[in-house]
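User: Please take a close look at one part of this protein and set it in the context of the whole chain. I would like a careful reading that also says how far the model can be trusted.

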Amino acid sequence: IRDILLNSNPSLAKELQEKSGGGGSAMAKNQVVSCDHVVSAPILASPSFAFAADAVNQKRLEVLTDRVLDVNDRAVNMARRVDAMVDQYYSVMNAVNEKMVLLQEEGVQKS
């Protein structure tokens, strides 16, 4: 993580190098680095992180969540209806098959 912070914030890297005297790590020598440099690193202060904190975006996300849940509920209901319809089709086809077998047996017995 330290390397990512240093790569994304050159001023932090410069401050660490100055504090360490050019060699070694400032953190290893227990030297304090200003919190502003760490917090202002682009990897932590990216505007994309503030996207969900915006009230307008939160409202849009809530509306979207409601729509997705509604679509999911409708899909579940549709799946149940299709399952019931397939079960009914199976029952009808099974009954027709049995009747056809009985009809064929009657035809064979009459012959």
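What follows is a reading of helix α4 and its surroundings in the chain.

Analyst: This is a predicted model, and its confidence is therefore a sensible place to begin, since predicted coordinates should not be read in detail where pLDDT is low. Over the protein chain the mean pLDDT is 78, with 60% of the residues reaching 70 or more. Among the elements of the chain, α4 has the highest mean pLDDT, at 93, while helix α3, covering residues 35-39, has the lowest, at 64. Residues 24-29 stay under a pLDDT of 50, and for this stretch the model has 10 contacts beyond four places in sequence.

The setting of helix α4 is a chain with four helices and zero strands, arranged along the sequence in the pattern α-α-α-α. Of the 111 residues in the protein chain, 10% are buried. The accessible surface of the chain comes to about 9,300 Å², and carbon and sulfur atoms account for 60% of that area. As for how the chain meets itself, 38% of the contacts between residues at least 6 apart in sequence join residues at least 24 apart.

Within helix α4, which spans residues 55-110, two features deserve a closer description. One is a salt bridge between the side chains of Arg 74 and Asp 70, with a distance of 3.6 Å from N to O; a search of the whole structure finds one salt bridge. The two residues lie four apart in helix α4, which means that about one helical turn separates Arg 74 from Asp 70. Their accessibility can be stated for each partner: Arg 74 has a relative accessible area of 51% and is therefore exposed, because the class of exposed residues begins over 50%. Asp 70, at 40% relative accessibility, counts as partly exposed.

The other feature is a nonpolar surface patch of about 580 Å², made by Tyr 89, Val 92, Met 93, Val 96, Met 100 and Leu 103. One of these residues, Val 92, has its place in helix α4. With a relative accessibility of 46%, Val 92 counts as partly exposed, and this value is compatible with membership of the patch because residues need over 30% relative accessible area to be included.

Taken together, the close view is of a helix with the highest mean pLDDT among the elements of the chain, in which Arg 74 and Asp 70 are four residues apart and joined by a salt bridge, and in which Val 92 is also placed.

How values were computed
Residues are numbered from 1 along each chain as its sequence is written. This is a predicted model: local features need pLDDT of at least 70, side-chain atom pairs count only at pLDDT 80 or more; totals for chains, interfaces and linings use all residues. Side-chain values use heavy atoms; hydrogens and water are left out. Buried means under 20% relative accessible area, exposed over 50%, partly exposed in between (1.4 Å probe, protein chains only). Contact means heavy atoms within 4.5 Å. Accessible areas come from the Shrake-Rupley method with a 1.4 Å probe; for residues, only the protein chains shown count as cover. Patches are made of residues with over 30% relative accessible area and no salt bridge: like charges are joined within 9 Å, nonpolar side chains (Val, Leu, Ile, Met, Phe, Trp, Tyr) within 5 Å. A salt bridge is a side-chain nitrogen of Lys or Arg within 4 Å of a carboxyl oxygen of Asp or Glu. pLDDT is the predictor's confidence in each residue, from 0 to 100.
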